[in-house]
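Ready for a few exercises on a protein model? Have a go at each task before you read its solution.

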Amino acid sequence: MTAAVPLIGFGHVHHSRVRPRQHAFTYRTFFLQLPMRQLSGYAGALAVNRAGAISFHDTDHGDGRSPQQGGALAWLDELLQAEGIDDATGEAWLHCYPRVWGYTFKPVSFWYCHRSDGALRAIVVEVNNTFGERHCYLLDAPQYGAELRARKVFHVSPFCEVRGDYRFRFQRTQADGRERSVVRIDHGDEEGLLLRTSVSGLLEPATRESLRRALWRYPAMTLAVIARIHWHALRLWLKRVRLHTKPAPPSNPVTR
């Protein structure tokens with residue numbers, strides 16, 4: 001990325017279950033990619049830590065720190081330091097859903113942590129479930145296009161047990177003169193592949209025009225996220241996919 005300004009991505013989210021019943025969906029969506037080390041003095045079109053039709057708030061991430069406490073960036077830096085990563089001092093780009101009309105639910109957000117020379121150093125995958133719990137998977141020394149694995153330790157869906165692993169693949173490509181972001185996450189266990197998920201989109205600056213376009217196209221986007229989670233849960237239940245009891249969250253908030 002050549003300019004450290006907030007970006008908005010327009011694209012799709014896809015989810016496909018391959019067993020024990022097949023179930024798939026694809027929805028159009030938009031998301032933000034934010035240069036977190038540049039936001040302290042930001043005064044552009046996106047509402048940052050203030051009310052707005054589309055807004056970003058530090059308290060929605062990490063341990064909920066306010067901007068006066070250093071915000072989500074201070075939490076991220078402390079997490080990396082605690083894990084022995086002290087050279088991710090370059091830009092930290094956050095891929096996340098915004099608040100829309102004050103409401104948001106973020107199933108997963110991605111922190112792209114760079115060295116001072118711009119090289120990608122680590123990716124933090126921040127996962128939230130519908131029970132108000134949060135867990136992070138720290139992917140050390142990632143490379144775009146390469147597969148990265150993490151053992152699943154955190155409950156997300158009652159239709160999936162907490163076992164097996166995740167396989168991540170992050171990509172950056174060019175399309176129509178713009179950068180395209182793609183994140184793929186496959187979940188499998190000892191029996192093989194269970195789920196395929198992805199989110200992708202073309203990136204452009206978050207201007208007044210692009211934010212208006214997002215609001216016009218998806219006026220209740222973040223509310224639709226939680227509504228669709230429950231709608232597809234009902235459909236899986238009707239397909240008689242087995243329900244699993246929610247276990248206690250892991251004692252360590254970070255899995256490396």
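**Exercise 1. What does Gly 84 do just after α1?**

Solution. Keep in mind that this is a predicted model. Go to the end of α1 and look at the backbone there: just after the helix, Gly 84 takes a positive phi of about 80°.

**Exercise 2. Work out whether the length of helix α1 agrees with the expected span.**

Solution.
- Step 1: α1 covers residues 71-82, which makes 12 residues.
- Step 2: at 1.5 Å a residue, the helix should span 16 Å.
- Step 3: the end C-alpha atoms are 17 Å apart, so the two values agree.

Now turn to the side chains. Gly 71, Ala 72, Leu 73, Trp 75, Leu 76, Leu 79 and Leu 80 of α1 are buried. What do they pack against? The buried residues of α1 pack against strands β5 (92-96), β7 (108-114), β8 (120-128), β9 and β14.

A bit of background helps when you read such a list: an α-helix has 3.6 residues a turn, so residues three or four places apart point the same way.

**Exercise 3. Do the same for α3, then find what it lies across.**

Solution.
- Step 1: α3 has 18 residues, and 26 Å is expected at 1.5 Å a residue.
- Step 2: from first C-alpha to last, α3 reaches 25 Å, which is close to that value.
- Step 3: the buried residues of α3 are Met 221, Thr 222, Ala 224, Val 225, Ile 226, His 232 and Leu 236. They pack against β1, β2 and β6 (99-100).
- Step 4: α3 (residues 221-238) lies across β1 and β2, and runs at about 155° to β2.
- Step 5: just past the helix, Arg 240 has a positive phi of about 65°.

For another helix on these strands, try α2 (residues 208-217). It lies across β1 (7-17), β2 (23-35) and β13 (192-205), at about 35° to β1.

**Exercise 4. Trace the sheet and name its edge strands.**

Solution.
- Step 1: follow the order β10-β11-β12-β13-β1-β2-β5-β7-β8-β9-β14; these 11 strands form an open sheet with mixed pairing.
- Step 2: the edges are β10 (147-151) and β14 (254-255), each of which pairs on one side only.
- Step 3: start from β10. It runs antiparallel to β11, and 5 bridges join the two. Leu 148 has Phe 168 in β11 as its bridge partner.
- Step 4: move on one strand. β11 (residues 165-175) and β12 (residues 178-189) also run antiparallel, joined by 11 bridges. Here Phe 170 has Val 183 in β12 as its bridge partner.

**Exercise 5. Which side chains of β10 are buried, and which are not?**

Solution. Start with the general pattern: in a regular strand the side chains alternate between the two faces of the sheet. In β10, Leu 148 and Ala 150 point to one face and are buried. Glu 147, Arg 149 and Arg 151 point to the other face and are not buried.

**Exercise 6. Is Gln 33 buried or exposed, and which side chains does it contact?**

Solution.
- Step 1: find Gln 33 in strand β2.
- Step 2: its relative accessibility is 0%, and the cut-off for buried is under 20%, so Gln 33 counts as buried.
- Step 3: the side chain of Gln 33 makes a polar contact of 3.4 Å with that of His 95, and one of 3.3 Å with that of Ser 181.

**Exercise 7. Look through some of the salt bridges.**

Solution. Side chains of opposite charge can pair when their charged atoms come close. The count for this model is 25 salt bridges.

- Asp 140 and Arg 256 meet at 2.5 Å, N to O. This pair links distant parts of the chain: Asp 140 is in β9 (residues 134-140), and Arg 256 is in the segment after β14, 116 residues apart. Asp 140 is partly exposed at 31%, and so is Arg 256 at 47%.
- Asp 63 and Arg 65 meet at 2.9 Å, N to O. Asp 63 is partly exposed at 47%, whereas Arg 65 is buried at 15%.
- Arg 213 and Glu 204 meet at 2.9 Å, N to O. Arg 213 is partly exposed at 21%, while Glu 204 is buried at 13%.
- Arg 19, Glu 161, Arg 163, Asp 189, Glu 190 and Glu 191 are linked in a network of salt bridges.

How values were computed. Residues are numbered from 1 along each chain as its sequence is written. This is a predicted model: local features need pLDDT of at least 70, side-chain atom pairs count only at pLDDT 80 or more; totals for chains, interfaces and linings use all residues. Side-chain values use heavy atoms; hydrogens and water are left out. Two strands pair if DSSP finds at least two bridges between them. Helices (H or I, at least four residues) and strands (E, at least two) are DSSP runs, numbered from the N terminus. Contact means heavy atoms within 4.5 Å. Axes are lines fitted to C-alpha atoms, for helices over the stretch in contact, and angles run from 0 to 180 degrees between N-to-C directions. Buried means under 20% relative accessible area, exposed over 50%, partly exposed in between (1.4 Å probe, protein chains only). A polar contact is a pair of N or O atoms within 3.5 Å; within protein, one must be able to donate a hydrogen and the other to accept it, and residues adjacent in sequence count only if both atoms are side-chain atoms. A salt bridge is a side-chain nitrogen of Lys or Arg within 4 Å of a carboxyl oxygen of Asp or Glu. The expected span of a helix is 1.5 Å times one less than its number of residues.
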